[in-house]
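Grab a pencil and open the viewer. Here are some short exercises on reading a fold, each with a solution you can check by eye.

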Amino acid sequence: MTTYGLLPGACHGPWCWTTTIDALEALGHRGIAIDLPCDDVSAGFDVYVDVTREALAAEGDDLVLVGHSLGAHTAVRTSHVMAVAAVLFVCGVIPPREGEDTSDEPHLEADGAFEGLERDPEGRIFFPDPGDAIRDFFPDVDRETGAWAAAQLRPQSTTPHQHINDPVSPPSAPCGSIVCTDDRVATAAWGRWAARERLLDAPVVELPGSHSPFLSRPADLAAALVELRGRL
């Protein structure tokens, strides 16, 4: 049995992984969703790493970190300070590494992504219009689920973004990446490039759909995570 430590992206929380955890359990594995303090303006990636280490400290040897979107930064950084069997990314915004070739780097975001974002008085970013959040994050889920998911989003502190362009060594553990064909936030083309250049030719599994396969196709996502783990 593999334990998957599931790290959410910006504005998200453990709620987004619930159905994927159920799907992993149906395949004989375990998922633990980490609650990163995304709305805490005092918390940077160092705090996110500490939270992740504490949540997963008692897990066994076959521990796999899974970073969604911005959670990829926490996954990579955590892999340098605790033993993990593998690091996987889901629509991951993977941090840069020294010496990468950016000559053919595609755009990370699709045109028009994040147009509805605003900042609150503490400098945190958020979507005042749920429709904008649904367009970018949840366009391929049913209307009720999309509205529910948009209501769960929290403001995201930009404190971690102060170090988002800092070069970080790739994990020493084996890596794999899942990209989604219609992702507006981290395009599939960028994800394939990042797997090649930032993760040194890590294997890629491509799924249909948007930035949130944990809601739109959790069974497919769980199967892809298990498949990638088996290939590493």
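The exercises below go from the whole chain down to single residues, and the model they use is a predicted one.

**Exercise 1. Work out how compact the chain is for its length.**

Step 1: Take stock of the secondary structure, which comes to eight helices and eight strands.
Step 2: Compare the radius of gyration, 16 Å, with the 17 Å that the globule rule gives for 232 residues; the two are close, so the chain is as compact as a globular protein of that length.
Step 3: Put a box around the C-alpha atoms along the principal axes, and you get roughly 40 × 40 × 35 Å.
Step 4: Look at burial and contacts. Of the 232 residues, 55% count as buried. Among contacts between residues at least 6 apart in sequence, 72% join residues at least 24 apart.

**Exercise 2. Find the strand order of the open six-stranded sheet and pick out its edges.**

Step 1: Walk across the sheet and you read β2-β1-β3-β4-β7-β8, with parallel pairing.
Step 2: Look for strands that pair on one side only; these are β2 (30-33) and β8 (204-207).
Step 3: Check the twist, which averages 20° from one strand to the next.
Step 4: Zoom in on the β8 end. Strand β7 (residues 175-180) pairs with β8 over four bridges, in the parallel sense, and Val179 stands opposite Glu206 in β8.

**Exercise 3. Decide whether β3 (63-68) is mostly covered or mostly open, and name its neighbours.**

Step 1: Count the buried residues: six of the six in β3, so "mostly covered" it is, with buried meaning under 20% relative accessible area.
Step 2: Sort the side chains by direction. Leu63, Leu65 and Gly67 point one way, while Val64, Val66 and His68 point the other way, and all are buried. That fits the general pattern: in a regular strand the side chains alternate between the two faces of the sheet.
Step 3: Find the pairing partners. β1 pairs with β3 over five parallel bridges, and Thr3 stands opposite Leu63. β3 also pairs with β4 over five parallel bridges, with Val87 in β4 as the bridge partner of Leu65.
Step 4: Look for a helix across the strand. Helix α2 (residues 45-56) lies across β1, β2 and β3, running at about 145° to β3.

**Exercise 4. Say how helices α4 and α5 are arranged.**

Step 1: Get the angle and the distance: α4 (residues 130-137) and α5 (residues 143-152) pack at about 110°, with their axes 9 Å apart.
Step 2: Classify the angle. Values from 65 to 115 degrees count as roughly perpendicular, so α4 is roughly perpendicular to α5.
Step 3: List the residues that meet: Pro130, Ala133 and Ile134 from α4, and Gly146, Ala147 and Ala150 from α5.

**Exercise 5. Is Thr20 buried or exposed, and what about Phe114?**

Step 1: Place Thr20 in helix α1 (residues 18-26). Its relative accessibility is 0%, so Thr20 counts as buried.
Step 2: Leave aside neighbours within four places in sequence, and Thr20 is in contact with Phe214, Pro218, Leu221, Ala222 and Leu225.
Step 3: Place Phe114 in the loop between β4 (86-90) and β5 (118-119). At 23% relative accessibility, Phe114 counts as partly exposed.
Step 4: Leaving aside the same kind of close sequence neighbours, the contacts of Phe114 include Phe127, Arg135, Phe137 and Val185.

Key
Residues numbered from 1 in each chain as written. Predicted model: local features only at pLDDT ≥ 70, side-chain atom pairs only at ≥ 80, totals over all residues. Heavy atoms only, no water. Pairing = 2+ DSSP bridges. Helix = DSSP H or I, 4+ residues; strand = E, 2+ residues; numbered from the N terminus. Axes fitted to C-alpha atoms, helices over the stretch in contact; angles between N-to-C directions. Contact = heavy atoms within 4.5 Å. Rg over C-alpha atoms; globule rule 2.2 N^0.38 Å. Buried < 20%, exposed > 50% of the residue type's maximum accessible area, 1.4 Å probe, protein only. Parallel < 35°, antiparallel > 145°, perpendicular 65-115°, else oblique.
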